[in-house]
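Okay, let's get going. I'd like to walk you through some aromatic rings today, so have a look at this one.

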Amino acid sequence: MGNLNLDDSVMTTRLDSVVNWARKNSLWPLPFGTACCAIEFMSMMASRYDFSRFGAEALRFSPRQSDMLLVLGTITNKQAPVLRQIYAQMAEPKWVVAVGVCASSGGMYRTYATLQGIDRVVPVDVYVPGCPPRPETMIYGVMELQKKITRETLMARKEHIERFYESLARQEERQRAQGLSSHQAVREMVLEAGAAGGQQIW
Amino acid sequence: MLTERIDAQLPGAVLDRHAFRGDETVVVAADRFLEVVDFIFAEGFQLLVDVTAVDLEAREPRFDVVYHFLNLVSQARLRIKLPMAEGAAAPSLVSRFKSADWAEREVYDLFGIPFAGHPCLTRLLMWEDFPGHPLRKDFPLDGGDPFCSQDIGASYAPEARTLNP
């Protein structure tokens with residue numbers, strides 16, 4: 001054995017950094033497409049904009065096999081509990097991108113049927129503006145999410161997701177105790193949060 | 001023409017008529033509607049394309065229920081309007097046209113017009129305990145609160161109709 005120089009073959013880092021590096025470069029998107037943003041999303045995935053370059057190549061249409069929820073379009077009040085359930089079913093760790101103004105804030109639809117922003121019912125990491133946003137905008141949004149993943153700690157993400165599970169448990173408890181539908185329970189929680197001066201139920 | 005034949009066969013059923021760019025519209029009294037539908041079915045108008053309604057708030061009777069029929073042989077189209085007072089029930093066409101099922105439920109949901117003889121007249125689009133009927137002209141556009149939970153009753157304050165007072 002000659003002299004073994006470890007300097008060339010070993011690199012020290014933090015666990016957070018190396019795990020987050022892997023996570024940010026292998027996002028598995030779930031396209032929850034409800035409106036025209038989903039059409040822009042198709043363009044984003046296709047060859048001209050080629051979203052695969054950012055490591056998010058494997059689209060999955062099952063929440064069980066994906067970890068980045070892309071909410072592409074208008075979410076109605078009736079759909080709010082469905083969105084919560086889909087987010088709950090996704091593999092951990094998971095992130096949410098609200099694509100377009102409808103998902104971010106209700107957008108132009110200040111109406112009786114539209115949820116005024118999905119962040120009332122699920123935690124959102126990145127908001128992408130536009131109506132609909134161009135594919136470049138959506139790619140930039142996901143690049144911002146990648147930066148965010150680089151910065152966060154593993155525990156912070158875990159606790160972030162657990163807070164949502166707690167709110168889901170509160171919703172299910174309410175459904176059981178009062179015999180409500182999921183829609184009624186979510187509606188009551190949003191209204192109570194609004195009466196308390198907030199907007200979010202998670 | 002068809003409207004003349006309806007008139008000859010069922011005198012008094014057609015209250016009004018007009019044609020626009022080749023599409024005929026007849027206004028029919030609600031109590032004669034099923035006879036007219038039977039007649040035009042025999043004439044070949046065997047596809048019910050859509051059922052919808054118009055809220056003409058100030059007019060009496062308040063609503064027009066609008067039916068669009070297509071003649072599959074001649075490709076002619078016919079629009080039938082039924083003037084309908086608030087609370088009055090239109091006759092259901094489900095027994096004759098399967099497509100009337102969801103279309104009538106949608107009109108019931110959004111305008112609150114009941115259909116007599118419909119097998120399952122429940123809301124189609126809005127949730128079950130939704131208050132009011134959102135396509136009525138006096139329904140506040142934003143429903144009043146984020147989840148439309150208030151019982152806003154049959155008529156609403158005029159200022160509630162605008163989102164930016």
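Which residues form one aromatic cluster with B:F33? They are B:F41, B:Y67, B:F69 and B:F97. Before I go on, this is a predicted model, where local features need pLDDT of at least 70, side-chain atom pairs count only at pLDDT 80 or more, and totals for chains, interfaces and linings use all residues. Residues are numbered from 1 along each chain as its sequence is written, chains are lettered from A and ligands numbered from 1 in the order in which they are written, and side-chain values use heavy atoms, with hydrogens and water left out.

Over all chains, the search finds 10 aromatic pairs (ring centres of Phe, Tyr or Trp, its six-membered ring, within 6.5 Å; planes under 30 degrees apart are stacked, over 60 edge-to-face, the rest tilted). Take A:F51 and A:F54: their centres are 5.8 Å apart and their planes at 35 degrees, so that pair is tilted. A:F51 counts as buried because its relative accessibility is 0% (buried is under 20% relative accessible area, exposed over 50%, partly exposed in between, with a 1.4 Å probe and protein chains only). A:F54, at 19%, counts as buried too.

Back in the cluster, B:F69 and B:F97 are tilted, because their planes sit at 55 degrees, with centres 5.6 Å apart. Both B:F69 and B:F97 are buried.

Now the charges. B:R96 has its charged end over the ring of B:F41, 4.2 Å from the centre (that needs NZ of Lys or CZ of Arg within 6 Å of the ring centre and within 35 degrees of the ring normal). In chain A, A:K94 lies over the face of A:Y87, 4.8 Å from the ring centre.
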